[in-house]
Amino acid sequence: MYLRKEKEDKSPQFNYTVHPSDFNLTGRVKNDKLNKLLFMGFDMVIDLSDDSVYLKFILAQIKSTLVLGKIGEQEFQLHDLFFDAEKINADFIKTVVKHLNVLTKNEK
């Protein structure tokens, strides 16, 4: 999920973008695609976002059993575990997936 500059959401399927126009005056999400995302459940979410109020607002509403965030993040209460953002690479992601599979192997 990332911020978009255009008001209209033309992002491809399974790419989720956020713009201030996706919210009504009371803060409720009015973008159908984002609303569908908020009804999904996830085993894990990795927050790589910068300090965006809009992205953090959506992150806080996503149903997830585990949320990883960057060390030193201001909105640390949104995260369950922390990582060093400077060390993010493909090997890190593979390791996270491997450990998640180990942790969830008995759930079916």
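In this predicted model, Arg4 is in contact, once its neighbours within four places in sequence are left aside, with Asp9, Thr17, Val18, His19, Ser21, Asp22 and Asn31. Arg4 itself is found in the loop between strand E1, residues 2-3, and strand E2. Although a first-year reader might wish to know whether such a residue is buried or exposed, the relative accessible area settles the matter: Arg4 counts as buried because its value of 9% is under the 20% limit.

The side chain of Arg4 reaches the backbone oxygen of Lys7 at 2.9 Å. That oxygen of Lys7 also lies 3.3 Å from a polar atom of the side chain of Ser21, and Ser21 belongs to the loop between strand E2, residues 17-18, and helix H1. With neighbours within four places in sequence set aside, Ser21 is in contact with Arg4, Lys7 and Lys30. Ser21 is classed as buried because its relative accessible area of 18% is under 20%.

**The loop between E1 and E2**

Two further residues of this loop may be set beside Arg4. Lys10 has its place in the loop between E1 and E2, and Lys10 counts as exposed because its relative accessible area of 67% is over 50%. Between the C-alpha atoms of Lys10 and Leu68 there are 28 Å in space, while the two residues stand 58 residues apart in sequence. Phe14 is also placed in the loop between E1 and E2, and with a relative accessibility of 61% Phe14 counts as exposed. The backbone of Phe14 deserves a careful look, since Phe14 has a positive phi of about 70 degrees although it is not a glycine. For comparison, most residues other than glycine have a negative phi.

**The nonpolar cores**

Which residues have the most contacts inside the largest nonpolar core? They are Val18, Val29, Leu34, Leu37, Ile58 and Ile62, and the core as a whole has 13 residues. The elements that give two or more residues to this core are helix H1, which covers residues 32-39, and helix H2, which covers residues 53-61. Apart from this core lies another, of six residues, among them Met44, Leu68, Phe83 and Leu100. In soluble globular proteins, nonpolar side chains tend to be buried together.

Val29 can be followed in greater detail. When residues up to four places away in sequence are not counted, Val29 touches Asp22, Phe23, Leu34, Asn35, Leu38, Phe57 and Ile58.

**Helix H2 and Glu75**

Helix H2 holds Lys56 and also Ala60. Lys56 is buried because its relative accessible area, 7%, is under 20%, whereas Ala60 is partly exposed with a relative accessible area of 49%. Leaving aside neighbours within four places in sequence, Lys56 is in contact with Asp47, Ser49, Asp50, Glu73, Glu75, Leu78 and His79. Both residues of the helix can be related to Glu75 through their C-alpha atoms: Lys56 and Glu75 are 7.9 Å apart in space and 19 residues apart in sequence, while Ala60 and Glu75, which are 15 residues apart along the chain, are separated by 9.8 Å.

The residues for which an accessibility value has been discussed are brought together here.

| Residue | Relative accessible area | Class |
|---|---|---|
| Arg4 | 9% | buried |
| Lys10 | 67% | exposed |
| Phe14 | 61% | exposed |
| Ser21 | 18% | buried |
| Lys56 | 7% | buried |
| Ala60 | 49% | partly exposed |

**The chain as a whole**

The secondary structure of the chain comes to three helices and seven strands, and from the N terminus on these elements run β-β-α-β-β-α-β-β-β-α. Taken along the principal axes, the C-alpha atoms fill a box of roughly 40 × 35 × 25 Å. Of the 108 residues in the chain, 31% are buried.

How much area does the chain expose? The exposed area is about 7,900 Å², and carbon and sulfur atoms supply 55% of it. Among contacts between residues at least 6 apart in sequence, 28% join residues at least 24 apart. The chain carries 16 positive and 16 negative charges, and the mean positions of these two sets are 5 Å apart.

Notes: Residues numbered from 1 in each chain as written. Predicted model: local features only at pLDDT ≥ 70, side-chain atom pairs only at ≥ 80, totals over all residues. Heavy atoms only, no water. Core = buried A, V, L, I, M, F, W, Y, C linked by side-chain atoms within 4.5 Å. Buried < 20%, exposed > 50% of the residue type's maximum accessible area, 1.4 Å probe, protein only. Helix = DSSP H or I, 4+ residues; strand = E, 2+ residues; numbered from the N terminus. Contact = heavy atoms within 4.5 Å. Polar contact = N/O pair within 3.5 Å; in protein donor to acceptor, adjacent residues only side chain to side chain. Areas by Shrake-Rupley, 256 points an atom, 1.4 Å probe, with all protein chains shown as cover. Lys, Arg positive; Asp, Glu negative; His and termini not counted. Charge placed at Lys NZ, Arg CZ, Asp CG, Glu CD.
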